[in-house]
Amino acid sequence: MEGRSNSFLETERTGVLMRRYAVPCVISLLVAALYNIVDQIFIANADYLGSYGNASNSVVFPLTVIALALATMLGDGCCALVSLSLGAGHRDDARRSVGTAVVTLVLVSLVLTAVYLIWPEPILTMFGARVNAETFRLSREYFFYIALGVPFYIIGQALNPIIRSDGSPRFAMLTLLGGALTNCALDPLFIYGFHWGMMGAAVATVISQAVSCIWVLRFLSGPKSILPLRRREARIYPYLLKDILSLGVVGFIMKFTNSLVQIACNKMLSIHGGDLYVGVMTVINAIRDVFTLPASGITDGARPVLSYNYGAGQMQRVRAGIRFMSAAAMVYTFCAWLFAMFQPRLLCRIFTPDEAMVEASVRMLRVYFAGFFFQSFQFCGQSVFQSLGWAKYAITFSLLRKVVIVVPLTLLLPVVGLGTTGVFLAEPISNIVGGLACYITMLCTAYKQMGRE
């Protein structure tokens, strides 16, 4: 095991490496998105659950996002630190980083599970479960079992990017795919066959998450891993935990600030457009989430390659990787932008059959997606900063786009005469200004510096 390494990251052609890592990462993100969608589909088609079941799923979903945000922070941070350490030849630090991450994940997941189980009623009430008695009953039933599976979910999701840094992006994809297929098989059995209702949907999800988690842990503790988990390294090293958190906090901030943006959008749309436009934003957000996944997969998949070579001092390979990643992300986002501009009705009809909502969604989709191409600059710039360990830059530009630009514009533009259009216009403005600022700064700092070394 000591002889195994992922030194191929230093020798393989950059384009080949980028494809090898990016394609499984894109598929992994798409598969991860299936979990909630699958539950929604099967719940919606269960006559005895109906709209109350879907409402319950919507209430609990933000609580799983909290768990995902914590997993992303620790997983992405550890992935970057492991790749940097391996590239620099610091294998012991890489091992200790994985041990630190695993122990921290166990502790964090147990604490969050305890919080969810001890205070379910106030938490569910805060997230809107008390609309009526039936929604609250189903939400509590669903939430109880989902809470029990939080450790599986957090550990499995967080260790997935660590497997990529271990040199096995395809296996990382397979662990998520195995869990998603398990969920697809168990949902109809438990909901329709056993008639378990929301409990069935939740239990199916938890079992599928456990499958992914156990599979990941078996890999990291087995002979195929470059950094097999060992008992003596299964402890928290404070100096490594600090680095993991600083490198991974960007993902947490992005998910948290997305929630702030959503709150601001819903508030202004409810005032200036009513329920119709709140629904329109839901449709457009769903389209945006699907469209951004491939771009995120390209940049996330590039991180182990960039980090390893930066740690190894192979600056020209890092620059080549940045160019390849940027070109791939920009080509994709340009094609996605064209599709959204010319086929908005087709996209909107996928998510709503209501003709009035389709018409409103088509108009606002063109506004909202006007600057979608420029999101590639934001994704690429932040990915480079995270990969190289430049955490302050990554955090700054994450906060700039969402907190400094989007939220104030969302609150301001509707009251200066733009109405509901102003809410949707805030996004493209932030994409253009924030994206260009992030990418240009990256070129003038990190990219330029590596050219001198």
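**Figure 1. Helix 14 spans about what its residue count suggests.** Take the 14 residues of helix 14 (residues 355–368): at 1.5 Å a residue they should span 20 Å, and the end C-alpha atoms sit 19 Å apart, which agrees. Keep in mind for this and every other view that the model is predicted. Plenty of side chains in helix 14 are tucked away: Met357, Val358, Ala360, Ser361, Val362, Met364, Leu365, Val367 and Tyr368 are buried. Helix 14 also has a hand in some charge pairing, since Glu355 and Glu359 join Arg345 and Arg349 in a network of salt bridges.

**Figure 2. Helix 9 is largely enclosed by the rest of the structure.** Here we look at residues 197–220, the 24 residues that make up helix 9. Counting 1.5 Å a residue gives an expected span of 34 Å; the end C-alpha atoms are 35 Å apart, so the two agree. Of those 24 residues, 17 are buried, which is why helix 9 counts as largely enclosed.

**Figure 3. Thr104 is a buried residue of helix 4.** You'll find Thr104 within residues 91–118, the stretch that forms helix 4. Its relative accessible area is 9%, so Thr104 falls under the 20% cut-off for buried. What does the side chain of Thr104 reach? It goes to the backbone oxygen of Thr100, at 2.7 Å. Setting aside residues up to four places away in sequence, Thr104 touches Leu74, Ile236 and Leu241.

**Figure 4. Cys78 is buried in helix 3.** Helix 3 covers residues 50–87, and Cys78 is part of it. With 0% relative accessibility, Cys78 counts as buried. Who are its contacts, once neighbours within four places in sequence are left out? Cys78 is in contact with Ser97, Val98, Ala101, Ile162 and Ile244. Gly313, meanwhile, is 235 residues from Cys78 along the chain, and their C-alpha atoms are separated by 20 Å.

**Figure 5. Two helices supply a nonpolar patch on the surface.** The patch is formed by Phe256, Leu260, Ile263, Leu399, Val403 and Val404, and together they have about 510 Å² of accessible area. Helix 10 (238–272) and helix 16 (391–412) each chip in at least two of the residues. One of the patch members, Leu399, lies in helix 16 and counts as partly exposed at 34% relative accessibility.

**Figure 6. Arg137 and Glu134 pair up within helix 6.** Side chains of opposite charge can pair when their charged atoms come close. In this salt bridge, the closest N and O atoms of Arg137 and Glu134 are 2.7 Å apart. The two residues are three apart in helix 6 (residues 133–148), so about one helical turn separates them. Arg137 is partly exposed at 44% relative accessible area, and Glu134 is partly exposed too, at 28%.

**Figure 7. Two further salt bridges involve Arg230 and Arg401.** A search of the whole structure turns up 13 salt bridges. Arg230 pairs with Glu233, with 2.7 Å between the closest N and O atoms. Is each partner buried or partly exposed? Arg230 is partly exposed, at 25% relative accessible area, whereas Glu233 is buried, at 8%. Arg401 forms a salt bridge with Glu427, and there the closest N and O atoms are 3.5 Å apart. Arg401 belongs to helix 16 and Glu427 to helix 17 (residues 419–452), so this pair ties together parts that are 26 residues apart in sequence. Both Arg401 and Glu427 are buried.

Conventions. Residues are numbered from 1 along each chain as its sequence is written. This is a predicted model: local features need pLDDT of at least 70, side-chain atom pairs count only at pLDDT 80 or more; totals for chains, interfaces and linings use all residues. Side-chain values use heavy atoms; hydrogens and water are left out. Helices (H or I, at least four residues) and strands (E, at least two) are DSSP runs, numbered from the N terminus. The expected span of a helix is 1.5 Å times one less than its number of residues. Buried means under 20% relative accessible area, exposed over 50%, partly exposed in between (1.4 Å probe, protein chains only). A polar contact is a pair of N or O atoms within 3.5 Å; within protein, one must be able to donate a hydrogen and the other to accept it, and residues adjacent in sequence count only if both atoms are side-chain atoms. Contact means heavy atoms within 4.5 Å. Patches are made of residues with over 30% relative accessible area and no salt bridge: like charges are joined within 9 Å, nonpolar side chains (Val, Leu, Ile, Met, Phe, Trp, Tyr) within 5 Å. Accessible areas come from the Shrake-Rupley method with a 1.4 Å probe; for residues, only the protein chains shown count as cover. A salt bridge is a side-chain nitrogen of Lys or Arg within 4 Å of a carboxyl oxygen of Asp or Glu.
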